[in-house]
Amino acid sequence: MTFFVNASKEHSPSQIAYLLKKCILHHPGQWSDLVFLCIGTDRMTGDCLGPYIGRELSRLEKQNMFVYGTLEHPVHALNLGKILKTVKAAHPNALIIAIDASLGQKKHLGYVTIANGALYPGAGVQKELPPVGDIHITGIVNIGGILEQLTLSTTRLSTVISLADTITQGILLLLSASNAAQPQKQDYTNSFICL
């Protein structure tokens, strides 16, 4: 099941934290480290969402939390395989949350998706890369369909940063929650879309 959260709504960071926690609870007791694998490149506006989030998260000092992929040291198509080997060697019992930009339908522009299961990076631009993550988060930065590379390179930076800030705020809310064992008891059932 994939959840869609409208990032422009007031309570979207809380919704992201709530849904992410629900996904994490599907992986109880099987992991010791939490790894955020933030995919993308700073060389293309529409694809810098992951590295921007990674930069923000890397400023935190949390025990057993690790971040791969920042603006300074991005994880992208050319080094993804190598980074995955590094992550598996350094964190054999990690829960990996993969984060990336994506293209989608016009009605979902500006939405965040959250789901259990692997992310398929590069799928929107016809790249075949290995699936990554136990949970994935994407920010829909533009409309897919034709000329995806051009679409990503002409995506507005304001859209990317707005989505990235909202996702980061949601993750920070999750990490700062005092009761990490259970999802918050708020009712967001009418605030997001399930597909």
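This is a short tour of a predicted model, going from the whole chain to a few residues worth clicking on.

**Stop 1: the whole chain**

Start with the cartoon view and colour by secondary structure. You should find 5 helices and 7 strands in the protein chain. Now trace the chain from its beginning: the order is β-α-β-α-β-α-β-β-β-α-α-β.

Next, switch on the surface. The accessible surface of the protein chain is about 10100 Å², and carbon and sulfur atoms own 52% of that area. How much of the chain is buried? Of its 195 residues, 50% count as buried.

One more thing before zooming in: take the contacts in the chain with a separation of 6 or more, and 75% of them are between residues 24 or more positions apart.

**Stop 2: Arg55 and its partners**

Select Arg55, Glu56, Arg59 and Glu72, and show their side chains. These four are linked in a network of salt bridges. The salt-bridge count for the model comes to 3, so let's walk through them, with a salt bridge needing the nitrogen and oxygen within 4 Å.

- Arg55 and Glu56: the closest N and O atoms are 2.9 Å apart.
- Glu72 and Arg55: here the closest N and O atoms sit 3.9 Å apart. This pair links distant parts of the chain, 17 residues apart. Arg55 belongs to helix 2 (residues 49-57), while Glu72 is in the loop between strand 3 (65-68) and helix 3 (80-90).
- Arg59 and Glu56: the closest N and O atoms are 3.8 Å apart.

Keep the surface on for a moment. Are Glu72 and Arg59 buried or exposed? Glu72 is exposed, because its relative accessible area is 53%, and Arg59 is exposed too, with 52%. Arg55 has 25% relative accessibility, so this residue counts as partly exposed.

**Stop 3: Ser12**

Now hide those side chains and select Ser12. Look for this residue in helix 1 (residues 12-24). With a relative accessible area of 1%, Ser12 is buried; the cut-off for that word is under 20%.

What does Ser12 touch, leaving out residues up to four places away in sequence? Show Val5, Asn6, Ala7 and Thr166, and you have its contacts.

To finish, add Ile167 to your selection and try the distance tool. The C-alpha atoms of Ser12 and Ile167 are separated by 8.5 Å, although the two residues are 155 residues apart along the chain.

Notes. Residues are numbered from 1 along each chain as its sequence is written. This is a predicted model: local features need pLDDT of at least 70, side-chain atom pairs count only at pLDDT 80 or more; totals for chains, interfaces and linings use all residues. Side-chain values use heavy atoms; hydrogens and water are left out. Helices (H or I, at least four residues) and strands (E, at least two) are DSSP runs, numbered from the N terminus. Buried means under 20% relative accessible area, exposed over 50%, partly exposed in between (1.4 Å probe, protein chains only). Contact means heavy atoms within 4.5 Å. Accessible areas come from the Shrake-Rupley method with a 1.4 Å probe; for residues, only the protein chains shown count as cover.
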